Amino acid sequence: MFNVEHYNGTKEQNYELLLKQLKALIEDEPDQIANLSNASSLLNQFLSEVNWVGFYIWKQDQLVLGPFQGLPACVRIPSGKGVCGTAISEGKTQRVADVHQFPGHIACDAASQSEIVVPMYKDGNVFGVLDIDSPVKDRFDEIDEMFIEQFARLVEQYI
């Protein structure tokens, strides 16, 4: 059984605990959807000041909505469109302090002000993205980016 953890350490220590929790939660489960669902739930519970946490999965040359926590979202995103599509087309994390300044931003939730998107891979091929939105401008810093990328790399091992 999973218990809600109170994170009382430094930001880095809290992220390290999160990564240990993620591994314990998904390492023995072979089902991709179950692992993505629990990963999005765990990250949503851990992060403060976020309004959407989830995955888009690469299918038929576009990103398709996968497991998430938050309001209903855009179902399909083409490569190169919005923050998620840009992360896929460029193959690198997109950390956006103000989504309203991002060319071509796709507004699924009007409350979103900042966003971080990490591209994910399986067996060397594009798998999809981990997408996190916040109603706070400039919510994500370098430490968040580093650990959210580590979170995505760990999820990749179990999908």
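1. A helix's expected span is 1.5 Å times one less than its number of residues. Helix 4 has 15 residues, so it should span 21 Å, and its end C-alpha atoms do sit 21 Å apart, which agrees. Bear in mind while reading on that this is a predicted model.

2. Staying with helix 4: at its start, a side-chain oxygen of Asp141 comes to within 3.0 Å of the backbone nitrogen of Ile143. Quite a list of its residues is buried, namely Asp144, Glu145, Phe147, Ile148, Phe151, Ala152, Leu154, Val155 and Glu156. Acidic Asp144, Glu145 and Glu156 are on that list, so give them a look. As a reminder, an α-helix has 3.6 residues a turn, so residues three or four places apart point the same way. The cover over the buried residues of helix 4 includes helix 1 (11–26) and helix 2 (32–46), along with strand 1, strand 4, strand 5 and strand 6.

3. Now the sheet. Six strands make an open sheet in the order 3-2-1-6-5-4, with antiparallel pairing. Strand 3 (76–78) and strand 4 (94–96) are the edges, each pairing on one side only. From one strand to the next, the twist averages 25°. Helix 4 (residues 142–156) packs on this sheet, where it touches strand 1 (52–59), strand 4, strand 5 and strand 6. The direction of helix 4 makes about 30° with that of strand 5.

4. How many bridges join strand 5 to strand 6? There are nine, between residues 114–122 and residues 125–134, and the two strands run antiparallel. If you want a register check here, Val117 stands opposite Asp131 of strand 6.

5. On the other side of the order, strand 1 and strand 2 are antiparallel too, joined by seven bridges. Tyr56 has Leu65, in strand 2, as its bridge partner. These two strands form a hairpin with two residues between them, and Gln60 takes a positive phi there, near 50°.

6. Strand 2 carries on to the edge of the sheet: with strand 3 it pairs in the antiparallel sense over three bridges. This is another hairpin, with five residues between the strands. For the register, look at Leu63, which stands opposite Ile77 in strand 3.

7. Which residues of helix 3 are buried? They are Gly82, Val83, Cys84, Gly85, Thr86, Ala87 and Ile88. That makes seven of the nine residues in helix 3 (82–90), so call the helix mostly covered. Its buried residues are covered by elements that include strand 1, strand 2 (62–70), strand 3, strand 4, strand 5 and strand 6. After helix 3 comes Gly91, with a positive phi near 65°.

8. Is Gln101 buried or exposed? It belongs to the loop between strand 4 and strand 5. Gln101 counts as exposed because its relative accessible area is 63%, and the cut-off for exposed is over 50%. Its C-alpha atom is separated by 30 Å from that of Asn125, which lies 24 residues away along the chain.

9. One point on annotation. The unreviewed UniProt entry gives "domain: GAF" for residues 52–158. Across that stretch the chain is 22% helix and 39% strand. The end C-alpha atoms of the stretch are 22 Å apart.

Key: Residues numbered from 1 in each chain as written. Predicted model: local features only at pLDDT ≥ 70, side-chain atom pairs only at ≥ 80, totals over all residues. Heavy atoms only, no water. Pairing = 2+ DSSP bridges. Helix = DSSP H or I, 4+ residues; strand = E, 2+ residues; numbered from the N terminus. Axes fitted to C-alpha atoms, helices over the stretch in contact; angles between N-to-C directions. Contact = heavy atoms within 4.5 Å. UniProt positions renumbered as here; feature names shortened; annotations may be inferred. Buried < 20%, exposed > 50% of the residue type's maximum accessible area, 1.4 Å probe, protein only. Polar contact = N/O pair within 3.5 Å; in protein donor to acceptor, adjacent residues only side chain to side chain.
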